[in-house]
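The following note sets out several points on the model for a colleague's consideration. It begins with an exposed loop position and then turns to the nonpolar cores.

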Amino acid sequence: MRVIVIGAGEVGSNIAASLDDDHHVVVIDTDSDRVESITYSYDVLAIQGDGTSIETLREADIENADLVIASTDVDETNIVICGAAKAVGNPFTIARVKKTNLLRTWEQSKGAFGIDFMVCTDLQTAETIVRIAGLPGAHDVETFAGGLIQMAEFEIGSDSPIAGETVSEADRFESLTFAALLRDDDVIIPQGETVIRAGDAVVVIGSRESVRAFAGSLTPGPTLEDAHEIVIVGGTEIGYQTARLFEEEGLEPRLVEQDPKRARELAEKLPGTLVLESDATDIDFLVREHVDESDIVVAALEGDERNLLVSLLAKRIGVERTIGIVESGEYVDLFETVGIDVGVNPRLVTSEEITRFTREQRTENVAMLESDRAEVLEIEIDADSALFERRIQDAMAKLPDGVVVGAISRAGELITPRGETVVEGGDHVVMFVDTMVLDEVTAAL
């Protein structure tokens, strides 16, 4: 495809990096430094200009574009870009927005603003937080086959009970497949004798029950079903959406907001949430309100430093688990090292969702891991697939290394794959695939 990405910030750059191997990508930005940086970093054509300008879009050959992705930091600019693109061409348009009300308006009138698909950063981030909160110790969680199958990624610390064990020794759970170990820059497809080391990230695929049991064996923290107390710090849009989603899960979180007007507004919108008006960086307040008894604290304030401070204070007073918003992607690893259990970067979440959507044209569902080092795909098997009516061990012999069949959904039932398992037409197969062999594998399946 010919893809035009407008906005070369963190979101646009990540999208360009994900698509440049398979597509002809053009990136537009008004900032000359960003244009120069992306020119030298990726195999794309970078143009300095205004993405809302018809002249700039024509310079990018909008008439022949298949896909336009508007990913600037300004919602209204992204909407105008999509409208302008539709005025002079017929591409599929994707807009990134922050304001949830714009998403709701678009959902009520699909095709409005000239936008074919809209991604709401704040809502997407809140959904990511709730998924991660539901699984102790997980850094990434996705569901497949209508929720029947779950994929999760766990960081293995030096004190982990499975550090130093072989995969065979660690595999003590039904309906669970150890799909991969992510070790430094390597993607390792584990065998039974493969030793799991401290510092590895382990990717598992299986039933929700088995993944949850595995998570519990690594980190005996509460799942959402067990959580008695969840505190959200910050009445930002992300904080509000996170509280709303927790309410939908049947929980009654507490939300701390310093601004009196915003606190009253949130109290009216969130009937199942106790809204507290206070400064959550005040440790006396945290102790007085028994935040130390919380199972999970979500830091959703404006500003990375404040989210880090809240997370450190929560840890200091005894909170088991902290999840924090980290706006600067380069700080995520640092913040997770010094105080936040899981850092969530809204821009990375958004770029992955947009990239995922572009790839779902050939699969049922996609999850991206470790900034696109690997993917987990859900594929419905038909007669053209290399897996069709073959034993998995026979089919895998004809596929490249770097592929693992993690789970199979057949007529709504979960099948744990083994070498002798025969894949049938209509099965939904969830597979781990190293990005290096992604094109070859998707073509074969």
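**Note on the predicted model**

1. Asp184 counts as exposed, at 67% relative accessibility (exposed is over 50% relative accessible area, buried under 20% and partly exposed in between, with a 1.4 Å probe and protein chains only). Asp184 lies in the loop between strand 9 (176-183) and strand 10 (186-188), and although not a glycine, Asp184 has a positive phi of about 55°. Helices (H or I, at least four residues) and strands (E, at least two) are DSSP runs, numbered from the N terminus.

2. The model is predicted: local features need pLDDT of at least 70, side-chain atom pairs count only at pLDDT 80 or more, and totals for chains, interfaces and linings use all residues. Residues are numbered from 1 along each chain as its sequence is written, and side-chain values use heavy atoms, with hydrogens and water left out.

3. Ala411 also is not a glycine and has a positive phi, of about 50°. Ala411 is placed in the loop between strand 20 (403-410) and strand 21 (413-415) and is exposed, with a relative accessible area of 82%.

4. The largest nonpolar core (buried Ala, Val, Leu, Ile, Met, Phe, Trp, Tyr and Cys residues joined through side-chain atoms within 4.5 Å) has 27 residues, of which Ile4, Ile6, Ile28, Ile62, Val68 and Ile115 touch the most other members. Among the elements supplying at least two residues each are strand 1 (2-6) and helix 4 (75-88); helix 4 gives the most, with six residues.

5. Beyond its neighbours within four places in sequence, Ile6 is in contact (heavy atoms within 4.5 Å) with residues including Ile28, Leu57, Val68 and Ile81. A second, separate core has 26 residues, including Ala126, Val275, Val298 and Val342.
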